[in-house]
Amino acid sequence: MSFLRFARLGGAALAAAAAILPAMPGVAAPVRTERVTAELLAERSAVLPGQPVTVGLRLVMDKGWHTYWRNPGDSGLPTRIAWTLPEGWAAGPIQWPYPEAQRVGPLMNYGYSNDVVLLSTITPSANAAPGPVTLTAKADWLVCEDICIPEKATLTLALPVASSASEAKPANASLFDKARANLPVDAKGWRAESSIAGNLLTLRLVPPPEATAPAAVTFFPFRENFVDHPAEQRLARDGNGIRLAVKLVEPVAPGLNEAAGLLVAGSAWPGLGEARAINIAAPVMASLPPAAESAGSALGGSLILALVFALAGGMLLNLMPCVFPVLGIKVMGFVQHAHGDNRALRLQGVVFTLGVLVSFVALAALLLALRAGGAQLGWGFQLQSPAFVTALAALFLLMGLNLFGVFEWGGFAQSLTSNVSARGRYGDAFLAGVLATAVATPCTAPFMGAAVGFTLAQPPAVSLAVFATLALGMALPVLLLSFFPAALRRLPKPGPWMETFKQLMAFPLLATVVWLAWVLGAQAGNDAVLALLAGLLLLSMAAWVYGRWAHGAGIVRIVAAGLLAAIGIAIAWPGGNQPASAVATSPGAPAARQGEVNWQPWTPERFAELRAVGTPVFIDFTAAWCVTCQVNKRVALNREVVAKAMADRGVVALQADWTNYDPRITAALAELGRNALPVYALYAPGEPKPRLLPEVLTASLVADEILKLPSPKAAASTPPSR
Amino acid sequence: MTRASRRLTLKLAAAATVALLSPAAFAAAVVGQPAPAFTAPDLAGKPVSLADFKGKTVILEWHNFGCPFVQKHYKSNNMQALQRRFGPDVVWLTINSTHAGHQDYQSPAVLTQELKKFDSAPTRFLMDESGAVGRAYGAKVTPHLYIIDATGKLVYNGAIDDKRTANVDDVKTAKNFVVAAMDELRAGKPVSNASNAPYGCTIKYK
């Protein structure tokens with residue numbers, strides 16, 4: 001722009017302003033500058049003494065030109081108004097509508113385009129005499145397209161003082177309504193706080209009960225030279241609220257005690273009418289509480305939906321490999337009654353359901369209590385303990401031996417299948433429910449992941465309700481069979497075949513022992529597996545002694561069996577001093593073979609590093625004790641088509657192994673709104689949120705998802721965003 | 001133009017300007033940390049490096065005559081006076097990062113004339129047509145000023161003064177931040193207002 005143009009421009013604006021037109025109430029002739037048409041408007045045709053009235057400075061900009069907000073961003077200047085008013089009148093500050101973010105090359109401005117109305121409140125003197133009055137506003141603004149032009153205009157507004165209310169009629173209603181709709185509101189019930197770590201400001205917004213924060217929110221700070229304006233603001237869910245990570249200008253000014261500005265949402269704020277922007281003044285705290293798990297994306301945070309998913313997920317659990325042996329035994333127990341006593345059958349079903357319910361809720365309550373105590377635990381956490389795994393292996397071995405007929409239970413518990421007394425049978429049914437729960441928890445059924453993630457972020461009562469529903473879902477097929485035994489009647493009558501079936505059912509139980517031994521190996525190493533197997537051998541001997549002389553020498557038999565069992569357990573019991581990190585290689589991350597995915601261990605640092613350079617990342621959240629994970633790994637992930645797709649798109653595969661307790665993985669899962677395995681997350685370059693794959697995978701599904709990513713070659717030829 | 005060929009052009013044009021950054025990177029130079037090194041051609045095409053002035057205080061001024069805010073400080077003789085104020089021991093580098101395709105772009109020949117007309121007195125005037133130097137410093141507007149102390153550390157990053165207007169008359173009543181920072185620096189004191197928001201026209205980056 002030449003000096004000549006600059007000089008001419010100022011002259012033109014002044015000339016236009018000087019041409020004062022005949023006073024017309026409520027409006028004034030617009031002034032045209034080089035790039036803007038400006039005018040003053042009033043909301044009433046006249047004012048009353050002492051009664052505030054709203055006036056607006058309207059700036060209609062040429063296409064592609066902008067004026068600026070109170071914090072203009074990296075360049076630009078806010079519009080200013082200097083009022084000349086009669087004696088005793090007062091003008092309030094500009095009420096700024098929320099701005100738009102305007103990217104200019106590597107910079108960011110906050111401003112307006114097309115048409116903006118800046119409202120101010122004018123309060124006439126309480127003893128203003130009725131009659132004509134002219135308000136004068138000297139306004140100046142910077143208007144920019146690619147170049148910037150400082151413009152100014154002197155604007156007048158004829159606004160008579162009326163003597164009665166009937167003379168002060170509404171004017172320009174639609175314009176003022178529109179202007180008001182763009183003003184930020186004070187969000188009652190919403191609470192904001194913040195913390196600063198290094199050059200990162202974290203804003204935390206907590207909604208009032210029953211409200212959920214919008215999904216897309218941008219922070220516009222009032223203060224200049226505070227936020228790095230063009231930097232991406234990263235949003236994460238925090239329960240029903242949000243957290244916004246905002247990069248600050250370095251060096252960060254010391255002693256900041258408040259982050260004030262607007263939060264502008266992509267849609268209206270819930271419970272605040274049409275408002276898109278809210279004012280916040282977030283005190284800067286030393287630290288923020290840990291983020292709550294957010295509602296799973298598949299759920300949208302609705303409790304009813306979570307309950308439905310929990311019920312469906314619970315039912316599907318019955319088909320999971322961990323639950324199957326226990327279920328098999330249960331069904332067989334039914335066969336004995338299927339052709340006779342309906343009442344006993346129903347009672348059995350109810351007791352089994354109670355067993356599942358009680359143990360599920362007890363386990364959930366324990367988990368919640370431990371989490372409340374600060375432990376970073378997730379669903380299935382008990383299997384992260386080698387002691388629990390060992391105990392479970394011992395129990396399953398004994399159950400298997402019992403089914404083979406090596407020994408019969410005596411005393412406190414009847415055989416799982418024997419037909420001794422009614423009381424014993426109910427005890428068995430309850431025990432079967434407890435067992436089913438214990439082994440079912442590590443098997444996340446489809447639909448369950450999101451429900452468990454959702455539920456752990458809720459108040460305890462809601463959490464327990466969801467877990468109870470999950471339990472009900474799991475017990476439901478057995479319960480239905482016990483009430484409607486018609487299906488069972490199709491089975492053959494009890495007979496010798498049942499002994500065969502009983503012995504057959506021992507094999508899935510022993511298979512579970514094999515799996516548990518492998519889990520223990522992953523947790524505590526090779527030596528632990530040896531100890532476990534040696535211990536189990538002794539335990540088998542104890543069972544054999546106990547069964548072999550069941551009708552003979554009483555006391556010797558009990559002592560011998562007890563001694564063997566005690567030694568066996570002592571050998572098998574995992575040493576408490578075994579650190580989890582002693583396991584050098586995780587079984588989840590074998591060396592890549594030809595045509596297999598080249599897995600790398602997940603760490604938060606490695607993940608951040610890859611994301612920073614825009615590398616697409618696939619994360620497999622897995623654990624040795626998660627059966628669905630292991631099945632997926634074999635049938636879907638470690639396949640040539642997946643490995644090829646990953647290589648083609650430059651995807652780095654990371655494996656987050658949760659076999660042992662790892663709070664970092666618990667935290668990473670929480671960020672995804674999950675708390676149970678498996679979880680598969682695919683991060684595309686430039687997209688803050690990952691695509692979450694379903695819990696049951698096929699190779700082609702995974703490959704297709706990966707091939708949806710842009711190919712690295714195409715990405716390289718895209719010019720950088722301006 | 002593809003990214004690759006643009007990169008190549010940049011390399012040729014800017015004669016390997018900023019050593020540490022790719023042309024696309026936009027970083028902010030941080031007060032208290034070493035100032036980013038750079039090399040850029042002056043109006044005669046001779047390369048000038050920050051390293052050439054080791055041991056001296058260096059002031060950087062981002063410039064564009066097409067910008068009304070720059071005009072404010074040149075028409076009022078404010079900028080020229082500032083360039084002379086600190087004597088020959090202080091190096092003043094005026095840098096123009098306007099890209100060649102922009103209407104505000106002026107060739108070295110035209111700039112030489114205009115600077116003479118205004119009696120401008122920088123130690124050197126650097127052409128940063130690629131924007132590499134501006135991006136390395138995170139320069140946002142014209143004028144945007146930086147002060148680098150004798151040890152090579154950045155000690156000031158911000159506006160020229162506190163009157164955020166394009167009005168020539170405001171120069172008389174403004175508090176000049178560069179003068180204040182230099183006074184503190186020369187007295188061996190830390191710069192109290194070391195970082196603030198500069199005001200002016202957006203730099204016309206490529």
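Helices here are DSSP runs of H or I at least four residues long, and strands are E runs of at least two. With that settled, here are the close-ups of this predicted model.

**Figure 1. Chain B, taken as a whole.** Chain B has 6 helices and 9 strands. Out of its 206 residues, 46% count as buried. Look at the contacts in chain B with a separation of 6 or more, and 75% of them turn out to link residues 24 or more positions apart.

**Figure 2. Helix H6 of chain B and its buried face.** This view picks out residues 177-186 of chain B, which make up helix H6. Its buried residues are B:Phe177, B:Val178, B:Ala181 and B:Met182. Seen down the axis of H6(B), these buried residues fall within an arc of 130 degrees, so they line one face of the helix. The spacing fits a general rule: an α-helix has 3.6 residues a turn, so residues three or four places apart point the same way.

**Figure 3. What surrounds H6(B).** Several elements of chain B help to cover the buried residues of H6(B), including strands E3 (57-62), E7 (145-148) and E8 (154-158), along with helix H3 (78-85). Turn to the face pointing away from the buried side and you'll find the exposed residues B:Asp183 and B:Arg186. Just past the end of H6(B), B:Gly188 adopts a positive phi of about 75 degrees.

**Figure 4. Two helices of chain A crossing.** Now over to chain A, for a pair of packed helices. A pair like this is described by the angle between the axes and the distance between them. Here the axes of helix H6 (residues 386-404) and helix H12 (residues 526-548) of chain A come within 10 Å and cross at roughly 35 degrees. The crossing of H6(A) past H12(A) is right-handed. On the H6(A) side, the contact is made by A:Pro386, A:Thr390, A:Ala393, A:Ala394, A:Leu397, A:Leu398 and A:Leu401. H12(A) answers with A:Ala528, A:Leu532, A:Leu536, A:Leu539, A:Ser540 and A:Ala543. Sort the residues of this contact by type and you get 11 nonpolar, 2 polar and no charged.

**Figure 5. Where chain A touches chain B.** The contact draws 25 residues from chain A and 28 from chain B. On the chain A side, helix H1 (3-18), strand E11 (148-158) and helix H19 (712-717) each chip in with at least two residues. E11(A) gives the most to that side, with 3 residues. By type, the side of chain A that touches chain B splits into 17 nonpolar, 4 polar and 4 charged residues.

Note on methods: Residues numbered from 1 in each chain as written. Chains lettered and ligands numbered in written order. Predicted model: local features only at pLDDT ≥ 70, side-chain atom pairs only at ≥ 80, totals over all residues. Buried ≥ 20, exposed ≤ 12 C-beta atoms within 10 Å, placed from the backbone. Arc of directions from axis to C-beta. Contact = placed C-beta atoms within 7 Å. Axes fitted to C-alpha atoms, helices over the stretch in contact; angles between N-to-C directions. Left-handed = near helix turned anticlockwise from the far one by under 90°. Nonpolar A, V, L, I, M, F, W, Y, C, P; charged D, E, K, R; others polar.
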